[in-house]
Every structure is written in C-alpha cells, then in structure tokens.
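Q: I'm new to this structure and would like a close look at one part of it. Could you pick a single helix and walk me through its surroundings?

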Amino acid sequence: MRLLTDITPLRESPAFRRIWLGSMLSGIGSAMTTFAIMLQVYDLTRSPAAVGGIGLAQFIPLLLISLPGGTLADRVDRRRLVLAVTVGQTAISAVLFALASVGGASLWALYALVAAGSALGAINAPARQTFIPRLVPQGQLSAAIALNRIIFQVTMIAGPSLAGVVAAGAGLRGCYLADVVSFAGALWGVGRLPPMPPQAPAAARDGGDSAGKTGAGNDTRPRSGLALTLEGLAFIRRTPVLCGAFLADVNATLFGLPVSLFPAINAERFGGNPRTLGLFVTAIGVGGLVSAVFAGPLKHLRRHGLVMLTCVAVWGVGFALFAVAPTLWLTLLALALAGLADTFTVVVRGIIVQEVTPDEFRGRVNAADFLVGAGGGDLGSLEAGLVGSLTTPVISALSGGLLTVVGALAIGAAVGGFRRYQSPTPAAEPAPASTTA
C-alpha cells in the first residue's frame with residue numbers, strides 16, 4: 001500500500017475532486033483531437049516534416065503568450081480566467097468538427113486552429129496549476145500532483161485508443177465532436193470552485209514589516225504587465241533549482257520526444273493501421289499510469305534533483321529502444337518504459353516548482369514551467385520530423401534518445417545545486433476550510 005499514490009486529496013477536498021474528474025473527462029477529448037490532427041495532417045501530406053510542423057504551430061503561440069498569460073493569472077481571478085479560456089477552446093474544437101464534416105480542411109487551416117488552441121492553452125494551463133496549492137495543504141502537495149499526473153496518463157491511454165477506434169469507424173469528425181462534448185467536464189469542475197484571486201505577497205499580509213526590512217514592499221505604485229513578467233523571470237533566474245529543473249525538462253523534450261515520427265514509423269513497420277498508431281501513444285500512457293499509480297514513494301524521497309535527472313536519462317533510453325525495436329510488442333514496451341520515467345520526471349518537477357514558488361509568483365512561474373514542458377515538446381516534435389525527413393525516422397528517434405541521456409549527465413555535472421537539491425516539504429497539515437467545501 002505504501003507504493004500506491006496517496007488519494008487523501010480526493011477524499012478530503014471536494015473542490016479538488018471535482019476539478020480532477022472534470023479535467024480527466026476534458027483531457028480525454030483533447031487527446032482525441034491531438035490524435036486526429038496528427039493523422040489528418042499526415043493523410044494530407046504523407047510528410048513527417050509536415051506533422052512536425054504541428055509542433056511549430058503550437059510553439060510560436062506558446063512562446064508569445066505563456067509568460068504574459070502567467071502574468072495575467074497573477075493579476076485577476078484565476079477561476080474566471082480559466083472558465084473564459086475553456087469556452088474559447090470549446091469553440092476551436094467545434095470549428096475542427098465543422099471542417100472535418102464538410103471536408104474543407106487544408107493544411108494551413110489546421111495549423112491556424114492548432115496555433116489558436118495553443119495560445120488559449122498557454123493561458124489556461126498555468127492558471128489551472130495555481131489551483132492545487134490552494135485546494136490542498138502543503139503536506140498533500142506531492143500526492144495531489146501525482147494524482148493530476150494520473151489524469152494525464154489516463155488521457156494518453158483512453159484518448160488515442162478511443163480516437164483510433166472512432167477514426168476507423170466514424171472518421172476524424174467523430175474525434176472532434178467527442179472533444180466538444182468533453183469540455184463540459186472542465187466547465188463543471190472549474191465552475192464550482194470558489195473565487196481564486198492571487199494571494200497578496202507575504203510582505204503585504206504581515207503589514208509591511210518584512211517589506212520594510214528588504215525594501216521590496218514600499219513601492220505601492222501599479223506596475224505594468226511587462227514589469228511583472230520581468231520580475232517573474234528574475235525570480236526564476238535567481239533560483240538555481242528552478243533553472244536546473246527547466247533545463248533538464250528541455251533536454252528531455254527537445255531531443256527525446258519523437259511523436260511526429262509515429263505515423264511514418266507505423267506506416268513503414270506496421271502497415272499504417274490507425275489502431276496501431278493509437279497504441280503507440282497508449283503505450284506511453286500505460287507506462288506513465290503505472291508509475292503515477294505507484295508514486296507513493298515519491299513523498300518519502302528528498303533528493304528530487306537527482307531523481308529527475310535519472311528519470312530523464314531513462315526516458316531517453318526508452319525512445320532509443322523504440323527506434324530499433326523489431327517487433328510491435330517490444331516497440332510498445334520501450335514506449336511504456338519512456339512513459340514510466342516521464343511521470344516521475346513531471347511529478348518531481350511539479351513538486352519542485354510548487355515548493356520553491358510563493359503564491360504571488362505562481363502564475364508566472366507556472367507559465368514558464370508550461371512553456372518549458374509544452375514548448376520543448378513542440379520543438380522536439382519539429383526537430384524529430386526534420387531530422388527524420390533528412391535522414392530516416394529510425395535515425396532521428398535513436399539519435400534523439402541517446403542525446404537525451406548525454407544531456408542528463410551533462411546537466412548533473414554542470415548544475416550541482418540542482419543535482420543536490422533536497423525537498424523541504426513538511427508534515428501534512430489540515431486544509432483550509434474555505435477550499436474544501
């Protein structure tokens with residue numbers, strides 16, 4: 001039982017439980033749309049580079065919107081912000097459904113819709129992440145983050161599997177319609193949360209005493225969004241643990257995430273069946289779900305920097321094995337190994353981010369975290385597609401996996417403060433009454 005992830009946050013916080021369930025339903029629909037767009041682009045072009053272009057279409061809005069979006073989340077009611085953005089995401093999925101129904105989708109139209117969805121996601125995800133420390137006590141933080149990771153892994157399993165079946169039967173429009181319906185879960189989960197305005201800085205809450213000591217809280221003049229964004233970046237820069245965690249994640253996603261190669265490798269090795277393509281992403285999800293369910297030991301580990309570096313290296317090994325696996329079962333096993341390591345990587349990074357970041361900075365730091373995680377993956381997809389087009393998909397996946405391992409070793413040697421970081425998480429404490437109703 002000690003191996004199992006602690007479900008106390010689900011039992012003790014109805015608000016966290018609602019947003020957890022709603023996010024899972026919505027996530028499954030979003031995974032179906034991701035699968036459908038990847039397959040639709042490949043069917044239109046038969047080009048791994050074009051599939052990799054999806055990553056570029058996602059990355060540019062992430063780069064432009066994530067940090068300002070995080071600043072916005074530190075200035076307004078985060079609950080209302082997430083609700084507004086979710087409505088916009090629903091509309092984009094509805095447009096994808098309409099285009100698929102009439103057969104009018106072009107490559108550039110798909111790229112444009114992907115970019116619009118990415119821009120909204122760059123605002124939505126960082127604001128959502130700020131909810132967790134407000135809904136559970138600090139002693140349950142690692143458990144809540146692991147439970148959130150279970151959502152991601154379940155969506156990786158259920159989304160592509162369902163999408164493969166639906167695409168084979170009802171066509172891609174069925175995937176997009178399922179996504180539109182699934183957003184009801186996200187709206188329900190967030191809509192019943194209490195207001196979530198940013199908390200005042202500690203200096204302001206204690207009457208300015210600590211501000212007087214540091215001189216930081218005496219300036220009460222309104223600051224521009226740019227100034228707040230730069231302040232958030234300065235906080236990250238002077239926090240070596242955050243720098244090391246973000247660098248390790250960029251290394252993993254830039255080199256070791258060859259999703260854009262999946263359609264080509266599936267076509268070359270396994271005949272191009274959509275159901276088999278769905279199994280690729282599902283295998284990553286299964287491996288990740290296993291480690292998310294058995295993440296109990298993470299709350300007892302303190303050397304989180306070293307744990308993250310180790311998991312990044314294992315992630316790279318998994319994709320290197322995927323590149324050369326001669327059979328379907330070995331291919332899926334290698335992907336499952338990568339998914340297993342990925343869950344621990346993301347959970348540990350999430351714990352580090354929430355532990356070292358004060359609430360008044362959480363929107364901005366979570367935005368940087370989201371940009372690193374999602375943006376690195378988008379660039380990695382583009383990089384893998386381009387290398388796969390210039391060489392072969394196998395060479396691209398193999399070289400990326402090996403470079404990930406080398407990068408993890410280099411970061412561990414160069415950023416000693418991150419490698420030696422130890423978690424200061426205290427014992428569990430009661431959750432605030434106002435967030436458990």
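A: Here is a look at helix 3, with some background on the chain around it and a short detour for contrast.

Keep in mind that this is a predicted model, so everything below describes that model. The protein chain has 19 helices and 0 strands, and 55% of its 437 residues count as buried. Take the contacts in the chain with a separation of 6 or more: 87% of them involve residues 24 or more positions apart. As for the outside, the chain exposes about 17,700 Å², with carbon and sulfur atoms supplying 69% of that.

Now to helix 3 itself, which covers residues 48-73. Let's start with Ile54, a residue of this helix. Is it buried or exposed? Ile54 has a relative accessible area of 10%, and because buried means under 20%, Ile54 counts as buried. What does Ile54 touch, if we skip its neighbours within four places in sequence? The answer is Ile37, Met38, Val41, Tyr111 and Val114. There's also a link to Leu110 worth looking up on screen: Ile54 and Leu110 sit 56 residues apart in sequence, while their C-alpha atoms are 8.6 Å apart in space.

Leu56 also belongs to helix 3, but its setting is another story. With a relative accessible area of 36%, Leu56 is partly exposed; that label applies because the value falls between the 20% limit for buried and the 50% limit for exposed. Leu56 joins Ile60, Leu63 and Leu64 in making a nonpolar surface patch of about 370 Å².

Further along, helix 3 meets another helix. Helix 11, residues 225-237, packs against helix 3 at an angle of about 100°, and the two axes are 9 Å apart. Angles from 65 to 115 degrees count as roughly perpendicular, so helix 3 is roughly perpendicular to helix 11. On the helix 3 side, Leu67, Pro68 and Thr71 make the contact, and they meet Gly225, Leu228, Thr229 and Leu233 of helix 11.

For the detour, jump to Thr404 in helix 18, which spans residues 393-414. Thr404 is buried, with a relative accessible area of 0%. Setting aside residues up to four places away in sequence, Thr404 touches Asn251, Ala252, Phe255, Gly256, Val312, Trp315 and Gly316.

Back on helix 3, then, you can look for three things: Ile54, which is buried, Leu56 with its part in the nonpolar patch, and the contact with helix 11.

Conventions:
Residues numbered from 1 in each chain as written. Predicted model: local features only at pLDDT ≥ 70, side-chain atom pairs only at ≥ 80, totals over all residues. Heavy atoms only, no water. Patch = residues over 30% accessible without salt bridge, like charges linked within 9 Å, V, L, I, M, F, W, Y side chains within 5 Å. Areas by Shrake-Rupley, 256 points an atom, 1.4 Å probe, with all protein chains shown as cover. Salt bridge = Lys/Arg side-chain N within 4 Å of Asp/Glu carboxyl O. Helix = DSSP H or I, 4+ residues; strand = E, 2+ residues; numbered from the N terminus. Buried < 20%, exposed > 50% of the residue type's maximum accessible area, 1.4 Å probe, protein only. Contact = heavy atoms within 4.5 Å. Axes fitted to C-alpha atoms, helices over the stretch in contact; angles between N-to-C directions. Parallel < 35°, antiparallel > 145°, perpendicular 65-115°, else oblique.
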